[in-house]
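Q: Hi! Could you walk me through this one while I have it open? I'll jump around a bit.
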Amino acid sequence: MSAPRRVRAWLARHTLIADVLFAASIVLVTASLWLISWVASTQSGIKPLALGDLALLAVGCAPIALRRYRLWWSVLAVMGFAFLSVELQPIAMSTGFTSAIITYTAAAYRPMKRAVLFSGGIWMATTVATFLPGYDDLTLLVLAVSLLVTYVFLSLSFAVGRVVHTRRVNFHELQERARLAEENQAVQVAQAVDDERRRIARELHDVVAHHISVMNVMATGARRTLTKDPRRADEALATIETTGRSTLREMRRLLDVLRTSDVDENEDEMTPQPSLEAVHELVAQIRDAGLPIDLTISGHQRALDPGIALTVFRIVQECLTNTLKHAGQAKAAVLITFGHEDLSIEVTDNGLGPTTLAANPSRVGHGLVGMRERVALYGGRLRTGPRPGGGFRVYAQIPIDDSSSGGMA
């Protein structure tokens, strides 16, 4: 932060000191005007500025120093100075500036009724003090014109103050709306994360239940063939061992995403088989719906944990569904690459992109949240965003290794 900004921020926190400095500047301005008037015309009846006059100028500007600290005191002081200005010329010169500034302050920092009350008190005192002494008709005419000019000046000060007050109120309202919108968006994001994690937990629960069923069947078969065919029994036990390890991994992941909220068991959701074959079937269905898709699977294909295979399926499903809904006339490409230690999924299209989300950034969808949660569950990373040449791109990378493979490929 630059030095001027630091000074402004400090003065904003210490309003009394800021107003004291402001009042001092008004004293200097008034004294300068007095000096200029005296130098310009010695026949105008203006006497030279003495030390006592400077003190009276400071007294006349004192309400400015208290305007945001004790506005009532400032208003009463200005009303009193209006009557003193009849006899004391320095007070008269400073009271004009002070009245305008206090009127502005009342209009800018108080509700309409109080602002009118404070300003009306100042105007009334100024009017009464102007016509209180006895003057001839010519002098009264001059005073009336002078008072009219004062009214115009004070009216402008009041109007500017109300404009500032309205802008301040609108600014605070916008701040409050922004705060509520951020809180609402945070709640929606949290709800989306919670909903997706519960869905992942249900699916992992199905995977674990399937593994346990397989282990139970294989254990029964191993027990029955243990004495008759030890080799087949050994193969069954090896399968149980591999399936058990995979089940333990899925159980740990299930516990990571499981939440205390109840799951609606009446939801009618079709859980696909966690395999690459399901991805082929999904791509065929989306093609039938009218979206041209190129599916490429490269690298050395091998067995995957059912949970990872299900994550691949959900990512492809979500991306292609969004492309079908939002991309317009477009083509999509799905590239699944088996690496030595990881599996990458890249889904791209050349369509219009997520225009709905761009038009309404506060809208929170479950799609990206769900993909991010699934990929993070397996220690992977996800990148999403528009493509330089148009369209949208989703890229996910998930660590895999041969020892963690299990189930169907």
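Q: Let's start with Arg393: does it count as buried, partly exposed or exposed, and at what relative accessibility?
A: Happy to help, and just keep in mind that this is a predicted model. Arg393 counts as partly exposed, because its relative accessibility is 26%.

Q: Which residue does Arg393 form a salt bridge with?
A: With Glu346; the closest N and O atoms of the two are 2.6 Å apart. This pair links distant parts of the chain, since Glu346 sits in strand β3 (residues 342–349) and Arg393 in strand β5 (residues 392–399), 47 residues apart. Glu346 also counts as partly exposed, at 22% relative accessibility.

Q: How many salt bridges turn up in the whole structure?
A: Three.

Q: OK, which residues are linked in a network of salt bridges?
A: Glu176, Arg179 and Glu183. Arg179 meets Glu176 at 2.3 Å, N to O, and Arg179 meets Glu183 at 2.5 Å, N to O.

Q: Where do Glu176 and Arg179 lie, and how many residues apart are they?
A: They are in helix α7 (residues 137–225), three residues apart, so about one helical turn separates them. Arg179 and Glu183 are both in helix α7 too, four residues apart, again about one turn of the helix.

Q: And are those side chains buried or exposed?
A: In between: Glu176 is partly exposed at 35%, Arg179 is partly exposed at 35%, and Glu183 is partly exposed at 40% relative accessibility.

Q: Switching to the sheet: in what order do the strands come?
A: The order is β1-β2-β3-β5-β4, five strands in an open sheet with mixed pairing. The twist averages 10 degrees from one strand to the next.

Q: Which strands stand at the edges?
A: β1 (293–299) and β4 (381–386). Each has a single partner strand, so one side of each is left without a neighbour in the sheet.

Q: How many bridges join β4 to β5, and do the two run parallel or antiparallel?
A: Six bridges, and the two strands run antiparallel. If you want a spot to look at, Arg383 has Tyr395 in β5 as its bridge partner.

Q: What about helices: which strands does α9 lie across?
A: Helix α9 (residues 276–288) lies across β1 and β2 (332–338), and runs at about 160 degrees to β1.

Q: And α10, which strands does that helix lie across?
A: Helix α10 (residues 306–326) lies across β1, β2, β3 and β5, at about 10 degrees to β3.

Q: New topic: which residues form the nonpolar patch on the surface?
A: Trp72, Trp73, Leu76 and Leu117, with about 490 Å² of accessible area together.

Q: Which element gives the most to the patch?
A: That's α4, with three residues. Leu76, for one, is placed in helix α4.

Q: Last stop, Arg67: where does it lie?
A: In the loop between α3 (51–65) and α4 (71–84).

Q: Is Arg67 buried or exposed?
A: Buried, because its relative accessibility is 10%, and the cut-off for buried is under 20%.

Q: So which residues does Arg67 touch?
A: Leaving out residues up to four places away in sequence, Arg67 touches Asp19, Phe22, Ser74, Ile101, Ile102, Tyr104 and Thr105.

Conventions. Residues numbered from 1 in each chain as written. Predicted model: local features only at pLDDT ≥ 70, side-chain atom pairs only at ≥ 80, totals over all residues. Heavy atoms only, no water. Buried < 20%, exposed > 50% of the residue type's maximum accessible area, 1.4 Å probe, protein only. Contact = heavy atoms within 4.5 Å. Patch = residues over 30% accessible without salt bridge, like charges linked within 9 Å, V, L, I, M, F, W, Y side chains within 5 Å. Areas by Shrake-Rupley, 256 points an atom, 1.4 Å probe, with all protein chains shown as cover. Salt bridge = Lys/Arg side-chain N within 4 Å of Asp/Glu carboxyl O. Pairing = 2+ DSSP bridges. Axes fitted to C-alpha atoms, helices over the stretch in contact; angles between N-to-C directions.
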